[in-house]
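Got a few minutes to poke around a protein model? Let's go through it in questions and answers.

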Amino acid sequence: MRRAINKRGSGQFEMVISFVFFMGFVLFLFIFLKPGDTTTLSGAVVAGLYDSFEEEAHTNFSSVFLKANTTGACFKIILPENIFKYSVNEGDSYVALLDGNKVNSDLKSDGLNIESGSKFFRVAISPEFEDEDFPACADLTDFELGSIVERRVISYRSLVKMRDDYYGDYEKLRSDLNVPPIYDFAIIPESFSDLKMMPKSGIPDAVEVMARDYVFEVIQGDGTFENERINFRIW
């Protein structure tokens, strides 16, 4: 009988010890993992906003050096598509002399028309540009192309549209950028102050704001680039 009582007491003691260990483990989770802390989740939303923003606002850019062996004031060349990563038919052209001065150009499906008496040019192609419209020039086959530079950049025109959507159709833009409905967001360029996307009444003081800065290369329609720091905020 005494042995049975001792055995029962030992079992109860083990249950108490197990319960203490269990409560200690739960306490550890609450103290160190902080299930009520939304910082990690907010950080993931900011990172997701960055990815969606880049996807929505990006455009393609291709650049190549051109030597045209002609003295004519207008000529047309056919750019071989197989040497470009991005389709040349999906953009317009921006052509400049080596000193940076822009010359008239018009990129059509049958070739690139250039108005100039020079021989050396820098040819850029991007959906960000807008061609001049003029009659087709005579074909030129005696020309040379240098190395090609191609990259994804942020479109200034897309930033303008995004700014307009922010103030004109916020919920649609939120959906386009995959921001969860429980969060609000702001996108604030450092230099392009006219493109700031932020509530007109400001961000409420009582909310916790998660913010991160990213630097993008922004292309404008005049062929210029700007390294722009953009601040993303979630609350």
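Q: Which residue forms a salt bridge with Asp184?
A: This is a predicted model, so what follows describes a prediction. The closest N and O atoms of the pair are 3.4 Å apart, inside the 4 Å cut-off for a salt bridge. The partner of Asp184 is Arg174.

Q: How many residues apart in sequence are the parts tied together by Asp184 and Arg174?
A: Asp184 sits in the loop between α4 (170-176) and β9 (185-189), while Arg174 belongs to helix α4 itself. The pair therefore ties together parts whose separation in sequence is 10 residues.

Q: Is Arg174 buried or exposed?
A: Its partner Asp184 counts as partly exposed, at 30% relative accessibility. Arg174 comes in at 8%, and the cut-off for buried is under 20%. So Arg174 counts as buried.

Q: What is the phi of Asn178, roughly?
A: Asn178 is found in that loop between α4 and β9, and at 57% relative accessibility it counts as exposed. Most residues other than glycine have a negative phi. Asn178 is not a glycine, yet its phi is positive, at about 60°.

Q: How many residues of β9 are buried?
A: Phe185, Ile187 and Pro189 point one way from the strand, and Ala186 and Ile188 point the other way. Both sets are buried, and β9 is described as mostly covered. The count of buried residues is five of its five.

Q: Which residue of β11 stands opposite Ala186?
A: β9 and strand β11 (residues 225-234) run antiparallel and are joined by five bridges. Across from Ala186, in β11, stands Arg233.

Q: What is the angle between the ring planes of Tyr214 and Phe232?
A: The model has 15 aromatic pairs by the rule used here. Tyr214 and Phe232 form one with 5.7 Å from centre to centre, and it is edge-to-face, a label that needs planes over 60 degrees apart. The angle between these planes is 70°.

Q: How many residues apart are Tyr214 and Phe232?
A: Tyr214 lies in strand β10 (residues 210-219) and Phe232 in strand β11, so the pair links distant parts of the chain. Both residues are buried. Their separation is 18 residues.

Q: How far apart are the ring centres of Phe216 and Phe232?
A: Phe216 is in strand β10 and Phe232 in strand β11, 16 residues apart, and both are buried. Their planes stand at 70°, so this pair is edge-to-face. The distance between the centres is 6.1 Å.

Q: Which residues do ring pairs link into a cluster with Phe232?
A: We have already met Tyr214 as a ring partner of Phe232, and Phe216 as another. Ring pairs link these residues into a cluster with further members. Along with Phe232, the cluster holds Tyr50, Phe53, Tyr214 and Phe216.

Q: Over which ring does the charged end of Arg151 sit?
A: The charged end of Arg151 is 4.8 Å from the ring centre, and the cut-off for that distance is 6 Å. The ring in question belongs to Phe225.

Q: Which residue meets Lys76 in a salt bridge?
A: There are 14 salt bridges by the rule used here. In this one, N to O is 3.2 Å, and it links strand β2 (residues 74-77) with the loop between β7 (120-126) and β8 (143-155), 63 residues apart. Lys76 counts as buried at 10% relative accessibility, whereas its partner is exposed at 59%. That partner is Asp139.

Q: Which residue pairs with Arg157 in a salt bridge?
A: Arg157, in helix α3 (residues 156-168), is tied to the loop between β7 and β8, 27 residues apart in sequence. Arg157 is partly exposed, with a relative accessible area of 37%, while the partner is exposed at 60%. At 3.7 Å, N to O, that partner is Glu130.

Q: Which strands stand at the edges of the open sheet β2-β6-β5?
A: The sheet has three strands with antiparallel pairing, in the order β2-β6-β5. Each edge strand has a single partner strand, so one side of each is left without a neighbour in the sheet. The edge strands are β2 and β5 (105-108).

Note on methods. Residues numbered from 1 in each chain as written. Predicted model: local features only at pLDDT ≥ 70, side-chain atom pairs only at ≥ 80, totals over all residues. Heavy atoms only, no water. Salt bridge = Lys/Arg side-chain N within 4 Å of Asp/Glu carboxyl O. Helix = DSSP H or I, 4+ residues; strand = E, 2+ residues; numbered from the N terminus. Buried < 20%, exposed > 50% of the residue type's maximum accessible area, 1.4 Å probe, protein only. Pairing = 2+ DSSP bridges. Phe/Tyr/Trp six-rings, centres within 6.5 Å; stacked < 30°, edge-to-face > 60°. Lys NZ or Arg CZ within 6 Å of the ring centre and 35° of its normal.
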